[in-house]
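Visitor: I would like to be guided through this structure by questions and answers. May we look at it together, one part at a time?

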Amino acid sequence: MPTFPSFILSRRHMLASTTAALAASALPALSQDTTVKASSMEDPTTKYPQPPFQEQTQPFPGLAGKMTPKPDHGETSYKGSGRLAGRKALITGGDSGMGRAAAIAYAREGADVAINYLPDEEPDAKEVIALIEKEGRKGIALPGDLRDEAFCVKLVEDAAKALGGLDILVNNAGRQQQAQSLSDITTEAFDATMKTNIYAMFWLTKAALKHLQPGSSIIQTTSEQAYDPSENLVDYAITKAAGMSFTKSMAKQLGPKGIRVNGVAPGPVWTPLQVSGGATMEKLVEFGGDTPLGRPGQPAELASIYVQLADNGASFSTGQIYGAAGGSGQP
Ligand code: NAD
Ligand code: MG
């Protein structure tokens with residue numbers, strides 16, 4: 001029989017008795033928790049609508065309020081626990097999709113939130129501002145076109161002024177227009193995609209730097225398209241690879257200053273982007289059906305990632321891309 005040094009044995013005895021004592025003292029709490037745990041089990045394959053979806057199309061940029069089924073941004077489900085209390089966030093594309101899910105979650109975690117969106121998206125934006133204010137937080141609406149450098153600089157200044165500072169920047173706005181052939185992408189369209197998805201990220205981050213103190217967070221919404229680009233999203237996929245690269249180089253540049261830079265890489269998510277030119281009708285009808293979970297994601301399912309990346313709890317995570325693609329992404 002092998003012999004063990006006495007310190008191992010005594011440590012084992014100590015652990016055994018400590019575990020027993022802990023188990024005994026935790027028993028009442030555990031039995032109280034059991035129902036909560038059982039009722040919170042959710043099967044991710046059936047949690048949300050699966051394809052086929054009904055055919056639908058909207059002019060760009062599209063409204064979440066006009067989609068069928070309506071996306072879930074966590075309006076009735078997201079519960080906060082003070083993780084971002086007192087923080088001040090600017091979220092682009094905060095009216096719908098992932099930006100809206102992040103805005104709702106940030107407000108419920110105790111942050112004041114400014115959102116940017118295009119003027120056509122006012123109906124979606126109004127709902128988001130009302131939801132933020134319902135949490136007793138500041139909700140600041142700052143519409144305007146991010147393809148303009150002067151507007152981007154003003155946006156950051158206006159947000160910082162209205163919020164009394166800025167410590168979270170979420171570069172989330174995006175333009176995605178599918179094109180079957182490179183010949184179908186005009187110079188104007190290519191330029192609009194680059195301006196919205198790359199230049200705005202550069203202009204906004206540059207303008208935000210002077211406001212960001214140690215502990216601040218910058219978050220990009222990139223995409224699985226950065227790693228596995230589709231044949232009909234050539235220009236868009238370039239920009240998502242740029243967002244991933246920007247995240248990693250800026251994390252190195254800003255790490256010594258105590259500012260973290262991370263990204264979120266969604267797979268197929270049910271948002272206006274997809275019904276306003278982002279996907280072909282064939283793809284839309286079967287949207288997300290080819291993921292291992294068999295359905296598209298809903299914006300609400302990514303909210304906790306945006307919270308986690310801004311939260312002090314993730315203080316050693318920078319230069320990272322967090323994926324949420326239903327099993328098929330590769331961030
Ligand atoms: P969305 O349509 O809800 O959000 C995109 C937002 O971009 C719009 O709401 C709009 O406010 C903003 N926007 C576009 N052009 C703009 C401009 N010129 N000026 C100001 N704002 C502008 O769709 P979403 O899917 O939530 O998109 C958010 C981000 O997620 C985008 O960066 C997108 O590339 C990325 N993404 C989406 C998916 C998906 O399947 N939905 C997958 C991977 C990545
Ligand atoms: Mg929108």
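**The surroundings of ligand 1**

Guide: The shell around ligand 1 consists of 12 nonpolar, 14 polar and five charged residues. Please keep in mind that the model is a predicted one.

Visitor: Which helix gives the most residues to the shell around ligand 1?
Guide: Three helices each supply at least two residues of this shell: H2 (97–108), H6 (234–254) and H7 (272–278). The one that gives the most contributes three residues, and that helix is H7.

Visitor: Which residues come nearest to ligand 1?
Guide: There are 31 residues around ligand 1. Those that come nearest are Ser96, Glu121, Asn172, Tyr236 and Thr271.

Visitor: How far is a polar side-chain atom of Thr271 from an oxygen atom of ligand 1?
Guide: Several polar atoms of the protein lie beside ligand 1. A polar backbone atom of Leu146 is 2.9 Å from a nitrogen atom of the ligand, and a backbone N or O atom of Gly267 is 3.3 Å from an oxygen atom of the ligand. For Thr271, a polar side-chain atom and an oxygen atom of ligand 1 are separated by 2.6 Å.

Visitor: How much of the accessible area of ligand 1 does the protein cover?
Guide: On its own, ligand 1 has 800 Å² of accessible area. The part of this area that the protein covers is 98%.

**The magnesium ion**

Visitor: Which protein residues are donors of the magnesium ion (ligand 2)?
Guide: Along the chain, the donors follow the spacing D-S-x24-E. They lie 2.1 Å from the ion, through OD, OG and OE atoms respectively. The residues are Asp95, Ser96 and Glu121.

Visitor: Is Asp95 buried or exposed?
Guide: A residue counts as buried if its relative accessible area is under 20%. Ser96, at 10% relative accessibility, therefore counts as buried. Asp95 has a relative accessibility of 1%, so Asp95 also counts as buried.

**Aromatic rings**

Visitor: Why is the pair of Trp270 and Phe287 called tilted?
Guide: A search of the whole structure finds three aromatic pairs. In the pair of Trp270 and Phe287, the ring centres are 6.2 Å apart. Planes under 30 degrees apart count as stacked and over 60 as edge-to-face, with the rest being tilted. The planes of Trp270 and Phe287 stand at 50 degrees, so the pair is tilted.

Visitor: How many residues apart in sequence are the parts that this pair ties together?
Guide: Trp270 is in the loop between strand S6 (260–266) and H7, whereas Phe287 is in the loop between helix H8 (281–285) and helix H9 (303–310). Both Trp270 and Phe287 are buried. Because the two rings belong to these two loops, the pair ties together parts whose separation in sequence is 17 residues.

Visitor: Which residue forms one aromatic cluster with Trp270 and Phe287?
Guide: The cluster has Trp270 and Phe287 among its members. The residue that joins them in it is Phe53.

**Selected residues along the chain**

Visitor: Which backbone oxygen lies 2.8 Å from a polar atom of the side chain of Arg108?
Guide: Arg108 is part of helix H2 and is buried, with a relative accessible area of 16%. Its side chain reaches the backbone oxygen of Gly74 at 3.0 Å. The backbone oxygen at 2.8 Å is that of Glu75.

Visitor: Is Gly255 buried or partly exposed?
Guide: Gly255 belongs to the loop between H6 and S6. Buried means under 20% relative accessible area and exposed over 50%, with partly exposed in between. The relative accessibility of Gly255 is 34%, so this residue counts as partly exposed.

Visitor: How far apart in space are Leu309 and Ser217, C-alpha to C-alpha?
Guide: Leu309 is located in helix H9 and, at 0% relative accessibility, counts as buried. Leu309 and Ser217 are 92 residues apart in sequence. In space, their C-alpha atoms are separated by 7.4 Å.

Visitor: What is the omega of the peptide bond from Thr68 to Pro69?
Guide: In general, most peptide bonds are trans. The bond from Phe60 to Pro61, however, is cis, with omega near 10 degrees. Pro69 lies in the loop between H1 and S1, and the bond from Thr68 to Pro69 is cis, with omega near -10 degrees.

Key
Residues are numbered from 1 along each chain as its sequence is written. Chains are lettered from A and ligands numbered from 1 in the order in which they are written. This is a predicted model: local features need pLDDT of at least 70, side-chain atom pairs count only at pLDDT 80 or more; totals for chains, interfaces and linings use all residues. Side-chain values use heavy atoms; hydrogens and water are left out. Donors are N, O and S atoms within 2.8 Å of the metal (3.2 Å for Na, K and Ca); water is not among the atoms, so sites may look incomplete. Buried means under 20% relative accessible area, exposed over 50%, partly exposed in between (1.4 Å probe, protein chains only). A residue is near a molecule or strand if one of its heavy atoms lies within 4 Å of it. A polar contact is a pair of N or O atoms within 3.5 Å; within protein, one must be able to donate a hydrogen and the other to accept it, and residues adjacent in sequence count only if both atoms are side-chain atoms. Accessible areas come from the Shrake-Rupley method with a 1.4 Å probe; for residues, only the protein chains shown count as cover. Helices (H or I, at least four residues) and strands (E, at least two) are DSSP runs, numbered from the N terminus. Ala, Val, Leu, Ile, Met, Phe, Trp, Tyr, Cys and Pro count as nonpolar, Asp, Glu, Lys and Arg as charged, and the others, Gly among them, as polar. Rings of Phe, Tyr and Trp (its six-membered ring) pair if their centres lie within 6.5 Å; planes under 30 degrees apart count as stacked, over 60 as edge-to-face and the rest as tilted.
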